[in-house]
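Visitor: I'd like a close look at one part of this protein, the charged pairs, and then a walk outward from there. Could you take me through it slowly?

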Amino acid sequence: AGRGLCFTLGVFGIGSTLKRLWDTKVLFENHAPIPYAEIVPDKLLYAVNNLFPSALPSQVMTQTRQYGHHMLVSYGDFGDGESERFDLRLERFRREHDLAVHVCTPQEAGQATFFRFAAAPAFRTWCVGNSADGFSVDYVLPKSQQAVPELEQRELLTRMRYGHFGCNVVHEDVAYASQAHPDLDRVKHLLKDTVEQIGGKLPAEHGHGTEYMAPEWTLDRWKRMDPLNIFNPGIGGLPLTRRYADPDETEPNKTE
């Protein structure tokens, strides 16, 4: 569902033009005086998706059908033979394991990079186009943990996992059939419990916001940094009141 965005990235790159196009989409979704304005742009993008060329090079697409995991590696040489040593180690690893290596041309490298940036926005387009309810999370797993955390399977349509090689941070997009009226908040917190039971943390990178309860040590650090509670009131389960006063103990406003 992200071919249009990948094509746009290829034409304009990541910069001011792309930002203006994206801001126009958001403006339409939030303010256009028509019914269902918030989903019209993604419905249109989904409908015309196959009119755009494939987002990935043909060789990469072939490998996606042959293997279950794929890694995008960018590396360079700073003058001491790093890239040559990496090539040798990679070739040795390839001979010892069932894997394939494709060295991208500069054009193919651009396509692969754009695909990475388009993955998350394309998930929303896919959900809108398929009348699905979805959510996105990020979590970190212990480096020794290779199993995929379990999810509620009833009416599960897809789960897309991508992450950072080495630090084991996973970004995951999950979609359920809308007609089943899934309780996404409940499913999300069940996933959080599962991740933490195996030694991981959710969220990992993008903060707790007002959606997740932060650990006590994190709350204590925030309180020391912001004793008046004016920077991010309500974050991580903290109260909205000044100086973190208990809302139940604050004196109600008096009327005369």
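Visitor: Let me start with one pair: are Glu29 and Lys25 buried or exposed?

Guide: Both Glu29 and Lys25 are buried. Keep in mind that this is a predicted model, so treat everything here as computed. The side chains of Lys25 and Glu29 meet in a salt bridge, with 2.6 Å from N to O. The two residues sit 4 apart in helix 2 (residues 16-31), about one turn of the helix.

Now hop over to helix 7, where Lys192 and Glu196 are also 4 residues apart, again about one turn. They form a salt bridge whose closest N and O atoms are 2.8 Å apart. Here the two ends fare differently under the cut-offs, where buried means under 20% relative accessible area and partly exposed runs from there up to 50%. Lys192 has 9% relative accessibility, so Lys192 counts as buried. Glu196 has 33%, so Glu196 is partly exposed. Back with the first pair, Lys25 and Glu29 belong to a network with Asp42 and Arg124, joined by salt bridges that share partners.

Helix 7 has another salt bridge to show you. The side chains of Lys188 and Glu211 meet in one, at 2.6 Å from N to O. This pair links distant parts of the chain: Lys188 is in helix 7, while Glu211 is 23 residues away in the loop between helix 7 and helix 8 (216-225). Lys188 is buried because its relative accessibility is 11%, whereas Glu211, at 36%, is partly exposed. In the whole structure, a search finds 12 salt bridges.

Stay with helix 7 a moment, but switch to nonpolar residues. In soluble globular proteins, nonpolar side chains tend to be buried together. The largest nonpolar core here has 15 residues, and those touching the most other members are Phe135, Val137, Tyr139, Tyr176, Leu191 and Leu202. At least two residues of this core come from each of strand 1 (132-140), strand 3 (169-177) and helix 7 (184-197). The biggest contribution is from helix 7, with 4 residues.

Leu202 is worth a second look for its backbone. The peptide bond from Leu202 to Pro203 is cis, with omega near 5°, and Pro203 lies in the loop between helix 7 and helix 8. Most peptide bonds are trans, and most residues other than glycine have a negative phi. On that second point, Glu155 has a positive phi, near 65°, and Asn229 has one near 60°. Glu155 lies in the loop between strand 1 and strand 2 (156-164) and is partly exposed, at 39% relative accessible area. Asn229 is in the segment after helix 8, and its 5% makes Asn229 buried.

Last, the surface. Met71, Val73, Tyr75, Phe86 and Phe165 form a nonpolar patch there, with about 540 Å² of accessible area together. One of them, Phe86, lies in helix 5 and is partly exposed, with a relative accessible area of 30%. There is also a negative surface patch, made of Asp77, Asp80, Glu84 and Asp87. Asp77 sits in the loop between helix 4 (58-66) and helix 5 (82-96), and its 37% relative accessible area makes Asp77 partly exposed.

Note on methods
Residues numbered from 1 in each chain as written. Predicted model: local features only at pLDDT ≥ 70, side-chain atom pairs only at ≥ 80, totals over all residues. Heavy atoms only, no water. Patch = residues over 30% accessible without salt bridge, like charges linked within 9 Å, V, L, I, M, F, W, Y side chains within 5 Å. Areas by Shrake-Rupley, 256 points an atom, 1.4 Å probe, with all protein chains shown as cover. Salt bridge = Lys/Arg side-chain N within 4 Å of Asp/Glu carboxyl O. Lys, Arg positive; Asp, Glu negative; His and termini not counted. Charge placed at Lys NZ, Arg CZ, Asp CG, Glu CD. Buried < 20%, exposed > 50% of the residue type's maximum accessible area, 1.4 Å probe, protein only. Core = buried A, V, L, I, M, F, W, Y, C linked by side-chain atoms within 4.5 Å.
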